[in-house]
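Thanks for sharing this one. Here are my notes, set out point by point so that you can follow along in your viewer.

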Amino acid sequence: RVGPGTPMGNLLRRYWLPALKSSELIADGDPVRFRLLGENLIAFRDSSGRIGVLDHRCPHRCASLFFGRNEEGGIRCVYHGWKFDVKGNCLDMANVPPHQDFRHKVHAKAYTATERAGIVWVYMGEAATIPALPMLEAHLLPESEITVNFAMRDCNFLQAMEGDIDTSHFSFLHAGAVK
């Protein structure tokens with residue numbers, strides 16, 4: 001179990017997680033929905049190229065922001081037109097008269113995201129404890145030398161990670177034997 005508040009979920013939220021290919025997000029393009037650590041999320045690239053990763057539900061009426069419009073620096077909910085930036089700040093309350101505006105009190109659940117080596121990385125832990133993005137070998141290569149592939153594995157996440165970080169496993173089991 002990796003959902004919020006579970007022991008394994010709390011542990012995994014302390015690390016940067018690969019979430020999407022950078023190429024899946026286009027400035028002012030359609031949002032992308034995905035699931036990470038038991039949470040339904042959306043990602044979008046705003047007009048400035050920044051990446052937002054938010055809970056898929058609008059904090060106003062819980063309509064899915066997947067159906068929202070990515071426009072002029074934020075994602076606008078199609079239910080009542082509330083608009084949120086990549087940090088979850090409410091930018092506009094289209095259905096609220098200006099004298100009753102309270103957008104400074106509204107915040108969508110947002111996660112920190114960055115991209116490197118053609119991958120969007122998401123940090124889902126406490127904002128006060130965000131570590132540096134790990135310096136993986138692929139992060140040192142020019143993007144022209146990197147190919148990003150995602151695959152669905154029918155196994156436990158930690159079993160997959162154990163094999164992936166084992167420096168000799170791939171060579172012996174999947175590539176034959178190293179001579």
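The points below go from the overall fold to the cores, one hairpin, a few single residues and the pockets.

1. Please keep in mind throughout that this is a predicted model. The protein has 3 helices and 10 strands, and along the sequence they come in the order α-β-β-β-β-β-β-β-β-β-β-α-α. The C-alpha trace spans about 75 × 40 × 30 Å along its principal axes.

2. Two overall figures for the protein may be handy. Of its 179 residues, 37% count as buried. Among contacts with a separation of 6 or more, 42% are between residues 24 or more positions apart.

3. Now to the interior. The largest nonpolar core has 17 residues, and those touching the most other members are Leu20, Phe34, Leu36, Val53, Val122 and Met124. Two or more residues each come from strand S1 (16–21), strand S2 (32–36), strand S3 (39–45), strand S4 (51–55) and strand S10 (119–123). There is also a second, separate core of 16 residues, with Ile42, Phe84, Val96 and Ala108 included in it. As background, nonpolar side chains tend to be buried together in soluble globular proteins.

4. Valine 53 deserves a click of its own. Apart from neighbours within four places in sequence, valine 53 is in contact with Phe34, Leu41, Ile42, Ala43, Val86, Lys109, Ala110, Tyr111, Ala113 and Val122. Of these partners, Phe34 and Val122 are also on the list of residues that touch the most other members of the largest core.

5. Which residues of S2 are on its covered face, and which on its uncovered one? Val32, Phe34 and Leu36 make up the covered face, while Arg33 and Arg35 make up the uncovered one. S2 runs antiparallel to S3, and 5 bridges join the two strands. For one point of register, look at valine 32, which stands opposite alanine 43 in S3.

6. The turn of this hairpin is worth checking in your viewer. S2 and S3 have 2 residues between them, and leucine 37 in the turn has a positive phi of about 50°. Is this loop residue, leucine 37, buried or exposed? Leucine 37 is buried because its relative accessible area is 12%, which is under the 20% cut-off. Its contacts, not counting residues up to four places away in sequence, are Val2, Gly3, Pro4, Leu12, Arg13, Leu17 and Met124. With one of these, proline 4, the C-alpha to C-alpha distance is 7.7 Å across 33 residues of sequence.

7. Leucine 41 is found in strand S3 and counts as buried, at 0% relative accessibility. Leaving aside neighbours within four places in sequence, leucine 41 is in contact with Val32, Arg33, Phe34, Leu36, Val53, Leu54, Asp55, His56, Tyr111 and Met124. Serine 171 makes a useful reference point: leucine 41 and serine 171 are 35 Å apart in space, C-alpha to C-alpha, and 130 residues apart in sequence.

8. At the other end of the sequence listing, have a look at histidine 169, in helix H3 (residues 169–174). Why does histidine 169 count as partly exposed? Its relative accessible area is 27%, and partly exposed means between 20% and 50%. Outside the residues up to four places away in sequence, histidine 169 touches Gly163 and His174.

9. The largest pocket holds about 2100 Å³ of space. It is lined by 46 residues, with Pro18, Arg153, Phe157, Met161 and Asp164 nearest its centre. At least two lining residues each come from helix H1 (7–12), S1, S2, S10 and helix H2 (157–165), and H2 gives the most, with 6 residues. By class, this lining has 34 nonpolar, 5 polar and 7 charged residues.

10. Lastly, the second largest pocket has a volume of about 230 Å³. Of the 15 residues that line it, Val86, Lys87, Tyr111, Thr112 and Ala113 lie nearest its centre. Strand S9 (residues 110–116) gives the most to this lining, with 5 residues. The classes here are 8 nonpolar, 4 polar and 3 charged. Val86, Tyr111 and Ala113, named here, are also among the contacts of valine 53.

Key:
Residues are numbered from 1 along each chain as its sequence is written. This is a predicted model: local features need pLDDT of at least 70, side-chain atom pairs count only at pLDDT 80 or more; totals for chains, interfaces and linings use all residues. Side-chain values use heavy atoms; hydrogens and water are left out. A nonpolar core is a set of buried Ala, Val, Leu, Ile, Met, Phe, Trp, Tyr and Cys residues joined through side-chain atoms within 4.5 Å. Buried means under 20% relative accessible area, exposed over 50%, partly exposed in between (1.4 Å probe, protein chains only). Helices (H or I, at least four residues) and strands (E, at least two) are DSSP runs, numbered from the N terminus. Contact means heavy atoms within 4.5 Å. Two strands pair if DSSP finds at least two bridges between them. On a 1 Å grid over the protein atoms alone, a cavity is a set of points where a 1.4 Å probe fits but cannot get out, and a pocket is an open set with protein on both sides within 12 Å along at least five of seven lines; lining residues have an atom within 4 Å of a point. Grid points are joined across faces, edges and corners, and a volume is the space filled by probe spheres set on the points. Ala, Val, Leu, Ile, Met, Phe, Trp, Tyr, Cys and Pro count as nonpolar, Asp, Glu, Lys and Arg as charged, and the others, Gly among them, as polar.
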